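Reader: Hi! I'm new to this one and would love a friendly walk through it. Could you pull it up for us?

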Amino acid sequence: DTFDIVVVGSGGSGLAAALVASVGGSRVLVLEKSELLGGTTALSGGSVWVPCNHHQNAIGVKDSREDALTYIRSVAPDGWHNVEDPLWISFVDHAPDMLRFLEQHSPLNFAVCNEPDPYAEAPGGKAFGRGVSPRPLRLSLLGGLRNKLRGPQFAPWLNYEELVDTNIYTNPRPWVLRLLPRILYRRLTGKRVMGSALIIGLLRGCLDQGCQIWSATQAEKLITKDRRVTGLQ
């Protein structure tokens, strides 16, 4: 089998890379050694830290490139900037475009969480607006791959944003009745949240772009020729 790009692993980073490559016109294969797809991303809360994201405008958050870089530099361990600063700059410059790209080329749609930066009191920190999480998506979007999605360790029916905004686990009484219809609707319609929703959206985007997804396929070694990688076994 011949491909332009082979991605090893079906977690969030691997599928995002596969989506970018396939949108760019490459013939892409994603390999996953497990029977199940999604890796640890499918088990996660699915929240992503994206400074200066385009959803901030709707909730009145004022953010800037300078604030984001000031925050990262202020909370990083001493000396890390000597090596990491170019990576921080690249991340801050491109993360907002990444979020727009995912929403444009997949069913993913993100919502802002009312969660502070981990060190919100640090220079450049924000009380909320930089964390985003995927809105719920139906498992049926995966078609024949729906039984291959790695399931969460528990059965969450609220997404990361809703858990943060309501604090329902520590103070359930005012929220249970209000959120119960939403929970029942998602159970009846097969909608998934958190990391599961993130993987569903990425997989669907990759499939729509023509990516091939092979599970239960382990990559053992690179095949090289003249110091170039020419294949994978």
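Reader: Thanks! Let's start with the pockets: how much space lies in the second largest pocket?
Author: Happy to help. Keep in mind that this is a predicted model. The second largest pocket holds about 200 Å³ of space.

Reader: Which residues lie nearest the centre of that second largest pocket?
Author: Those are Gly12, Ala16, Val48, Met98 and Leu102, out of 14 residues that line the second largest pocket.

Reader: And which element supplies the largest share of that lining?
Author: Helix H3 does, with five residues. At least two residues each come from helix H1 (12-23), strand E3 (48-49), H3 and helix H6 (194-208).

Reader: How does the lining of the second largest pocket divide into nonpolar, polar and charged residues?
Author: There are 11 nonpolar residues, three polar ones and no charged ones.

Reader: OK, now the largest pocket. How much space lies in there?
Author: About 410 Å³. Its lining is made up of 19 residues, and Asp1, Phe3, Val6, Gly231 and Leu232 lie nearest the centre.

Reader: Which elements give two or more residues to the lining of the largest pocket?
Author: Three strands do: E1 (5-8), E2 (28-31) and E10 (228-232). E10 gives the most, with four residues. By class, the lining of the largest pocket has 11 nonpolar, six polar and two charged residues.

Reader: What about closed spaces? How many cavities of 30 Å³ or more does a search of the whole structure find?
Author: The search finds one. The largest cavity has a volume of about 40 Å³. Among the residues lining the largest cavity are Ala42, Leu43, Phe154 and Met194. Seven residues of that lining are nonpolar and three are polar, with no charged residues.

Reader: Changing topic: how many salt bridges are there in the whole structure?
Author: A search of the whole structure turns up nine. One of them joins Asp67 and Lys126, whose closest N and O atoms are 3.1 Å apart. Asp67 sits in helix H2 (residues 65-75), while Lys126 is in the loop between strand E4 (110-112) and strand E5 (131-134), so this pair ties together parts that are 59 residues apart in sequence.

Reader: Is Lys126 buried or exposed?
Author: Lys126 is buried, at a relative accessible area of 15%. Its partner Asp67 is partly exposed, with 28%.

Reader: Where do Glu162 and Arg186 lie, by the way?
Author: Their side chains meet in a salt bridge of 2.8 Å, N to O. Glu162 belongs to helix H4 (residues 160-166) and Arg186 to helix H5 (residues 173-189), so the pair links parts 24 residues apart in sequence. Both Glu162 and Arg186 are buried.

Reader: How many residues apart are Arg100 and Asp97?
Author: Three residues, within helix H3 (residues 81-105), which puts about one helical turn between Arg100 and Asp97. They form a salt bridge too, at 3.4 Å from N to O. Arg100 is partly exposed, with a relative accessible area of 40%, and Asp97 is partly exposed as well, at 43%.

Reader: Which residues are linked in a network of salt bridges?
Author: That would be Asp63, Asp117 and Arg130.

Reader: Over to the surface: which residues form a nonpolar patch there?
Author: Val176, Leu177, Leu180 and Leu184 form one, with about 370 Å² of accessible area together. Val176 lies in helix H5. At 39% relative accessibility, Val176 counts as partly exposed.

Reader: One last thing: what is phi of Asp226 near?
Author: Phi of Asp226 is near 50°, a positive value in a residue other than glycine. Most residues other than glycine have a negative phi. Arg227 also has a positive value, with phi near 65°.

Reader: And where does Asp226 lie?
Author: Asp226 is in the loop between strand E9 (222-225) and E10, and Arg227 lies in the loop between E9 and E10 as well. Asp226 is exposed, with a relative accessible area of 69%. Arg227 is exposed too, at 88%.

Technical notes. Residues are numbered from 1 along each chain as its sequence is written. This is a predicted model: local features need pLDDT of at least 70, side-chain atom pairs count only at pLDDT 80 or more; totals for chains, interfaces and linings use all residues. Side-chain values use heavy atoms; hydrogens and water are left out. A salt bridge is a side-chain nitrogen of Lys or Arg within 4 Å of a carboxyl oxygen of Asp or Glu. Buried means under 20% relative accessible area, exposed over 50%, partly exposed in between (1.4 Å probe, protein chains only). Patches are made of residues with over 30% relative accessible area and no salt bridge: like charges are joined within 9 Å, nonpolar side chains (Val, Leu, Ile, Met, Phe, Trp, Tyr) within 5 Å. Accessible areas come from the Shrake-Rupley method with a 1.4 Å probe; for residues, only the protein chains shown count as cover. On a 1 Å grid over the protein atoms alone, a cavity is a set of points where a 1.4 Å probe fits but cannot get out, and a pocket is an open set with protein on both sides within 12 Å along at least five of seven lines; lining residues have an atom within 4 Å of a point. Grid points are joined across faces, edges and corners, and a volume is the space filled by probe spheres set on the points. Ala, Val, Leu, Ile, Met, Phe, Trp, Tyr, Cys and Pro count as nonpolar, Asp, Glu, Lys and Arg as charged, and the others, Gly among them, as polar.
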